[in-house]
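Biologist: Could you walk me through a new model and explain how each label was earned? I would like to hear the reasoning, not just the names.

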Amino acid sequence: MENVSFSLDRALWAFLLAMLGSTTGQPLGGESICTARPLARYSITFTGKWSQTAFPKQYPLFRPPAQWSSLLGAAHSSDYSMWRKNEYVSNGLRDFAERGEAWALMKEIEAAGEKLQSVHAVFSAPAVPSGTGQTSAELEVHPRHSLVSFVVRIVPSPDWFVGIDSLDLCEGGRWKEQVVLDLYPHDAGTDSGFTFSSPNFATIPQDTVTEITSSSPSHPANSFYYPRLKSLPPIAKVTFVRLRQSPRAFAPPSLDLASRGNEILDSLSAPETPLDCEVSLWSSWGLCGGPCGKLGAKSRTRYVRVQPANNGTPCPELEEEAECAPDNCV
């Protein structure tokens, strides 16, 4: 089974967070600076809404079942970008999106903190062992580093993920009290697989990050292809809530990322996405049989490729007969 927890060394986390947490340089891009009070702490709650009801097509039930990787994010200035739609991902983000490996991405964040002085803090939340569930963490933002980005890998998938890019938690002279955002699947542009369980098939040349929709990629084999829908239902949600307690030292995450802070939510209300029946092409006609001097009959068949669900279009007839002149009359 695919391993969705990170085996990150505690010493590395402590060192990296100490380095990044001490970075308070001015933003390099000349953007306006947040004038809110010096520091703010937020809770971040990630809620998976990837249910079989909302996403019935090829829903992963085993080896591995639908689940979410650990969440990895950073509080930063506009001089740093973890990922961005219509741009190429870094090698670190590629490793994370394809295999859930965080080491290279962590080193990239560390480099941005040291060289560009653009990263204030790193935060992480445990993996969610099912498609529907929650995980949470806390993070600290600073007026010069008021933007937040994070990624969570969709497991299993070729290189698909959800996340946010450069959400500003500061609004003029104040910190936002609460932010709630729906999340939709994105393709990292590094693997050309169409389905959740596709084998590795590198995209050469590499493509940019794109949002996966109900009609794009426009291929019936795609796991998110629902041509009857104008748009996909959100596959996840994130909630930021400002905490009122006094700022305290930022502690590195626990090594046991997969076993704390998450819960399975079986009772999440989810939209019922209709899944239409899909059948194969007709087979060739069989031999025409019948008595001499009379019309005979021949038949052909097809089979069900995708069973309908949630009041989708039912399957048509799977066998068809037609009159014919017997090939070898008796």
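Modeller: Gladly; what follows is a chat about salt bridges, burial and strand pairing in this predicted model.

Biologist: Let's start with K57 and E278: what makes this pair a salt bridge?

Modeller: The cut-off is a side-chain nitrogen of Lys or Arg within 4 Å of a carboxyl oxygen of Asp or Glu. K57 and E278 have N to O at 3.9 Å, so the pair meets the rule. By this rule the model has 15 salt bridges.

Biologist: Where do K57 and E278 sit in the chain?

Modeller: They are 221 residues apart and link distant parts of the chain. K57 lies in the loop between β1 (40–49) and β2 (67–76), while E278 belongs to strand β14 (residues 278–279).

Biologist: And why is K57 called buried, and what is E278 called?

Modeller: Buried means under 20% relative accessible area. K57 has 2%, so it is buried. E278 comes to 26%, which lies between the 20% and 50% cut-offs, so the label is partly exposed.

Biologist: What separates R99 and D95 along helix α2?

Modeller: About one helical turn, because they are four residues apart in that helix (residues 91–99). Their side chains meet in a salt bridge, 2.8 Å from N to O. D95, at 12%, falls under 20% and is therefore buried, whereas R99, at 38%, is partly exposed.

Biologist: How do you know whether R244 is buried or exposed?

Modeller: Exposed means over 50%, and R244 has 59%, so it is exposed. Its salt-bridge partner is E177, the closest N and O atoms being 2.8 Å apart. The two are 67 residues apart, with R244 in the loop between β12 (236–243) and β13 (262–264) and E177 in the loop between β8 (174–175) and β9 (178–183). E177 is partly exposed at 36%.

Biologist: Which residues are joined into one network by salt bridges that share partners?

Modeller: R94, D95, E98, R99 and E101.

Biologist: Now to the strands: why is β1 described as largely enclosed by the rest of the structure?

Modeller: Because eight of the ten residues of β1 are buried.

Biologist: And how do you know that β1 pairs with β4 and β12?

Modeller: Pairing requires at least two bridges between two strands. Ten bridges join β1 to β4 (residues 132–141) and eight join β1 to β12, so both pairs qualify. β1 runs antiparallel to β4 and also to β12. As examples, K49 stands opposite T132 in β4, and I44 stands opposite F240 in β12.

Technical notes. Residues numbered from 1 in each chain as written. Predicted model: local features only at pLDDT ≥ 70, side-chain atom pairs only at ≥ 80, totals over all residues. Heavy atoms only, no water. Buried < 20%, exposed > 50% of the residue type's maximum accessible area, 1.4 Å probe, protein only.
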